[in-house]
Amino acid sequence: MSFFPDPQTFLQIGNIGVKWYAILMISGVAITALVSYRDIKKNGYNFELVEDLTIGCFLWGIVGARIWYCLFFDLGYFLEDPIRILQIYNGGLAIQGGLITGALYGLYYTRKRKIDFMRLADCIVPNMLIAQAIGRWGNFLNQEAHGVAVTEAYFKNFPDFIKNMMFINGEYYVPTFLYESVLNLLGFVVFYFLIRKLNQKYHFLKRGDGVYFYLVWYGWSRFIVEGMRTDSLMLGPIRMAQLTSVVFIVIGILGFVGIFRKFMKEPKPAMLFDLDGTLLDTEPAILETYRYLFAKYRTEEEFDKEKQLEVLGPPLAKMFPIYFPEQNTEALIQEYREYNFKIHPEFVKPMENAEALLKNLKEEGYKIGIVSTKFADGVKLGLDLFNLSQYVDVIVGHDDVKEGKPSPEGIFIACQKLNVGHDSCIYVGDSATDIQAAHNAGVYSIGYIFNEDRIAMLETQKPNKIIRDLAEIETILKEDHPWTYNMM
């Protein structure tokens, strides 16, 4: 075993060599995945998805890159002995073919998982410029992907290590790998640190614009650098990489100006609601039940205005250990439910325009669900009191989740039951935990205010919209944009 036996090899074990090109390529992909994870997490997806998608796209990308190379390098040569197609260790990968097959796998994966392809691609594709910038240094170490022969004077402003590696078979060659690497890195910097920062202020990016930026940037930069190379894959007299780059640029420009969006209308969002304080005015019943428990186990006077605001929203299992540490939480929850159910007919009423909204949404074909910190039977009891159950497709209660709000689990479960992805979803709630859950799921959030004492708390969470009348939702639904938290 020996390390660095030659400039191209990191480790040699007998006849098996670990090449720097492979290490740099894998490192670039890994860094891209890690950089993308922050945005992917904001969209409500976990690291498992990043792993699955990265591995799948990488492996299919290798397949596509090899097929592309074989097709346009010398197809007859490979058909003479097809085993040569598998001999990747002899060199021969073309990134544009890998991009195409990687994208096709991504499309298959997202459709299977009910994920919006363009939303997820926006999180990943611009960051691929990092992987490409790193990967070009593998070409450098392999002394390939270079330009024409030049004199030594060409390198007077270059570091010596680049000049020395570009001295091949007695001549110096233009380091086109470096130009493309720098342009790729510059593209990432422009998008990530300039365009995205401006978008945070002016909100001009639309879904898919990250992908379209990548196609235009990579397309024009590769077109220019490819014209300088001496080892281009050819389609007759045409450099294949330049032809593909032109296609990328055209697709990117058409995407930017909105041509594709005219043919790809956003689907109707799934409509998810909190129950207490959103569809039903259960606040009097909640406060009366807490007042009953305070009177029994503490004193009614201790249930002051501050505590009355605190108990509206969080689950009982969270609040009872705080207020009643000496009582058995499970037994107290059962006592709360029994008393609360008994006083429902007297203390609970629908929110203004709740029934009209649900009826209209149902008639217009929207899928409707409830995600509540209440147990599911308590949700159904409240809905049945006012004949609202007929409009609701699914109920997700506290007993259906492992983690309550602000965890996004309930929203995800509701989407699964509705057989939709969460990339087009609206969650309507009246508490800070409702908006936090929506943010954690990456879905569009509407904060509903019926208690002015809670407005500051809602505004702090920055929902996409704040309303004071449920009827306003029908106006919001007429807006033309993706129904996700980041609006992309």
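In this predicted model, the residues of helix α4 that are buried are covered by elements that include α1 (20–42), α2 (47–80), α3 (95–112), α5 (128–141) and α8 (209–226). Helix α4 itself spans residues 117–124, and because seven of its eight residues are buried, it is largely enclosed by the rest of the structure. The buried residues in α4 are Met 118, Arg 119, Leu 120, Ala 121, Asp 122, Cys 123 and Ile 124. At the start of this helix, a side-chain oxygen of Asp 116 comes to within 3.1 Å of the backbone nitrogen of Met 118, and Met 118 is itself among the buried residues just named.

A second place to look is Glu 409, which belongs to helix α16, residues 409–418. Glu 409 is buried and yet has no salt bridge, since the nearest side chain of opposite charge, that of Lys 402, is 6.1 Å away, and a salt bridge is counted only within 4 Å. The backbone of Lys 402 offers another kind of partner, for its nitrogen lies 3.0 Å from a polar atom of the Glu 409 side chain. When neighbours within four places in sequence are left aside, Glu 409 is in contact with Val 401, Lys 402 and Glu 403.

Two of these contact residues, Val 401 and Glu 403, also appear in the lining of the largest cavity, together with Val 371, Ser 372, Thr 373, Val 396, Gly 397, His 398, Gly 404, Lys 405 and Gly 410. This cavity holds about 60 Å³ of space, and the count of cavities of 30 Å³ or more comes to one.

How values were computed
Residues numbered from 1 in each chain as written. Predicted model: local features only at pLDDT ≥ 70, side-chain atom pairs only at ≥ 80, totals over all residues. Heavy atoms only, no water. Helix = DSSP H or I, 4+ residues; strand = E, 2+ residues; numbered from the N terminus. Buried < 20%, exposed > 50% of the residue type's maximum accessible area, 1.4 Å probe, protein only. Lys, Arg positive; Asp, Glu negative; His and termini not counted. Polar contact = N/O pair within 3.5 Å; in protein donor to acceptor, adjacent residues only side chain to side chain. Contact = heavy atoms within 4.5 Å. 1 Å grid on protein atoms, 1.4 Å probe; cavity = no way out; pocket = protein on both sides within 12 Å on 5 of 7 lines; lining within 4 Å. Points joined across faces, edges and corners; volume = space filled by probe spheres on them.
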